[in-house]
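Colleague: Could we go through the charged contacts and the surface of this model together?

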Amino acid sequence: MSTQVQIRKGNTIQTAAFTGAIAEITVDTDKKTLVVHDGVTVGGIPLARESALSANQVFSQAAFNAANSAATLSAATDLTQNNSITAAFLAANSAVILSDATNLTQNTSITASFIAANSSGVYANAAFIHANASFAFANTISGGAAIDNVARSLANSAVTLSDATDLTQNNSIAAAFTRANNSISANAGGTITGDLVVTGNLTISGQTTYANTISVQLGDNIITLNSETPTSLTPTENAGIEVNRGNTFANSSLLWIESSGKWQANSGSSTGAYFLASESDVTSAFLAANSAATLSAATDATQNNSITAAFAQANSAATLSAATDATQNNSIAAAFTQANSVYLPSVTRLNVTHSGASAYLIDQYTGNNPELYIRAGETLAFNLNVTGHPFLIRVSNGGANYNTGLTHVTTTGTVTTGSSAEGQVAGTLYWKVPAELAGNTYVYQCSIHSGMVGNIVIERPNHDFTNISVAAGTYGNATHYGVVTVAANGRVTSVSTFQVVDSSALAFSIALG
């Protein structure tokens, strides 16, 4: 046997207190392992036994395998999570698409999608915890430094990947949740801020449909009102179009009046509503024109001749009305207008127009809102062309309307009297002035613009002094003498006598008014 070399030794306690020389080797008799000294380190540096090294390798290999398993499991979990997130996102989108319906089940679907999305987040958190556990387990194993480092790197990569997956999942979940919450509730409604296109039928049920747009465009040619009226029943509701004119004016409208079977127009002015003429109305107006001719037994020969000529022309036009020639129709209209123009005999027919909203203009008179003269008991005709300025006869400026003796004839022959004849803007207004108004001054005035007003002076009838010679003694007696009163315009208004004290001074006198 070779030469025996025995080195210094000691138990673990003795070895731990010993500082050996550089490169000196001692034996730990308890651990049965060599200890290398460097001349500085107390207790030296123990060397690993073969069995211990094998165990460390096993542990390192196990840690490496565990880390790989953690990474594999994390990747599988990620795939499962991604699939879950995709399914949740699709489910959320499906819930959004179905959210326009009114079924409560849709809301339940949205809630289920939200729960599924949250479940994906729970799975991601579980994967994260598992990766951390693998990382901690790898760190507890000593020895095999290179393998340990690889295991740690793999574990850290798994953690980093899990964190990234968690962030993506959380963003997807948040987007799906926001999208689901922003959908219109089938029960509570909501607001659409973008364009909306409906390719199917649209049915709206409610009290009011309001469209705040610049223009409304319809592709259909016919708008049907009262469409819910059954075809088996007789309609009873009026229908039409109404224009809102604010608080200043009444609303204007064009309505079909079911009870009358006619269209009714309302301009929103004081003239009120009026029916549009039908073919039967035109016939009635034509008959009214003929009736006007029958009533033309006036005292003025010129008027009788005009009425007779108009009547003859109207009858002649009626005979020719079966033809289709436009000239014949124009002749009928001209004859009808001429017949209506002399509905009542009058002293004169004044054409009334207006100058903006400030004044009426009347032919035969000059200036704005001229003063008119008429004798009590005579008839005055106003041919109106004053759209927007309803014409009234009043007792005074801003006073009550005066309706006695008023007759209005429209251009289509419709006749109204009394208060219904007031406030017209077209046609002819006749005023047969009562004799009892002699000596008073009434006015004509616009019902909307009070500044459009003028006087109507009602004079007494003329006294006929033809072939009467006034000489001394003709009027009067021992105590009176004659007096003739003359108005400012030169018209004799009255003849009377005047009592005197001195009967020797009888004389004829003219009093100037």
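Modeller: The notes below cover salt bridges first and a surface patch afterwards. This is a predicted model, in which local features need pLDDT of at least 70, side-chain atom pairs count only at pLDDT 80 or more, and totals for chains, interfaces and linings use all residues. Residues are numbered from 1 along each chain as its sequence is written, and side-chain values use heavy atoms, with hydrogens and water left out.

Colleague: How many salt bridges are found in the whole structure?

Modeller: The search finds two, a salt bridge being a side-chain nitrogen of Lys or Arg within 4 Å of a carboxyl oxygen of Asp or Glu.

Colleague: Which residue does Glu-24 pair with?

Modeller: Glu-24 pairs with Arg-8, at 2.3 Å from N to O. The two are 16 residues apart and link distant parts of the chain: Glu-24 is in strand β2 (residues 22-28) and Arg-8 in the segment before β1 (9-10). Strands are DSSP runs (E, at least two residues), numbered from the N terminus.

Colleague: Is Glu-24 buried or exposed?

Modeller: Glu-24 is buried, at 14% relative accessible area. Buried means under 20%, exposed over 50%, and partly exposed in between (1.4 Å probe, protein chains only).

Colleague: And what does Arg-375 bind to in its salt bridge?

Modeller: Its partner is Glu-378, with the closest N and O atoms 2.8 Å apart. Arg-375 is partly exposed at 23%, whereas Glu-378 is buried at 19%.

Colleague: Turning to the surface, which residues make the nonpolar patch?

Modeller: Val-5, Ile-7, Ile-25, Leu-34 and Leu-47 make a patch of about 420 Å². Val-5 lies in the segment before β1 and is exposed, at 71%.

Technical notes: Helix = DSSP H or I, 4+ residues; strand = E, 2+ residues; numbered from the N terminus. Patch = residues over 30% accessible without salt bridge, like charges linked within 9 Å, V, L, I, M, F, W, Y side chains within 5 Å. Areas by Shrake-Rupley, 256 points an atom, 1.4 Å probe, with all protein chains shown as cover.
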